[in-house]
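Q: Zoom in on one part of the surface for me, please. I'd like the ring geometry, the neighbours and the cut-offs behind each term.

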Amino acid sequence: MEKKSAVWTVVKVALAVTAVCAAAAFVYYKFFRKKKELLEETEELAELELEPGELSEEPSFEADAADVIANAEEMA
């Protein structure tokens, strides 16, 4: 039997550690990052003393064309 090289053993261990870290990062970004962002958003809303749905109920800034155009009657 040939003696295994220590260099190849170190390379294999480094690749295995890299694969485990990549898998852990993938799982974190896929599942836990979104939950963390939602938790932070909920905490910000609590600081503002707002309910989660209140921000989406703001009035829109839409105006009717007849209100904006000064000479709407002449254009028709």
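**A close look at the aromatic stretch**

A: Buried residues (under 20% relative accessible area; exposed is over 50%, partly exposed in between, with a 1.4 Å probe and protein chains only) make up just 1% of the 76 residues in the chain. Keep in mind that this is a predicted model: local features need pLDDT of at least 70 and side-chain atom pairs pLDDT 80 or more, while totals for chains, interfaces and linings use all residues. Residues are numbered from 1 along each chain as its sequence is written, and side-chain values use heavy atoms, leaving out hydrogens and water.

The fold reads α-α-α along the sequence, with three helices and zero strands (DSSP runs numbered from the N terminus: H or I of at least four residues, E of at least two). Accessible surface (Shrake-Rupley, 1.4 Å probe, only the protein chains shown covering residues) comes to about 7700 Å² for the chain, and carbon and sulfur atoms hold 62% of that.

Now for the rings. There's one aromatic pair in the structure (ring centres of Phe, Tyr or Trp's six-membered ring within 6.5 Å). Tyr28 and Tyr29 make that pair, with 5.3 Å centre to centre and 70 degrees between the planes. That makes the pair edge-to-face, because planes over 60 degrees apart get that label, under 30 is stacked and the rest is tilted. Tyr29 sits in helix α1. Tyr28 has a relative accessible area of 34% and Tyr29 has 47%, so each counts as partly exposed.

Both tyrosines also belong to a nonpolar surface patch with Phe26, Val27, Phe31 and Phe32, and together the patch has about 630 Å² of accessible area. Patch members have over 30% relative accessible area and no salt bridge (Lys or Arg side-chain nitrogen within 4 Å of an Asp or Glu carboxyl oxygen), with nonpolar side chains (Val, Leu, Ile, Met, Phe, Trp, Tyr) joined within 5 Å and like charges within 9 Å.

Helix α1 covers residues 6-48 and includes Glu41. Glu41 is partly exposed at 46% relative accessibility, and Glu40, Glu41, Glu43 and Glu44 gather in a negatively charged surface patch. For charges, Asp and Glu are negative, Lys and Arg positive, with His and chain ends not counted; each is placed at NZ of Lys, CZ of Arg, CG of Asp or CD of Glu.
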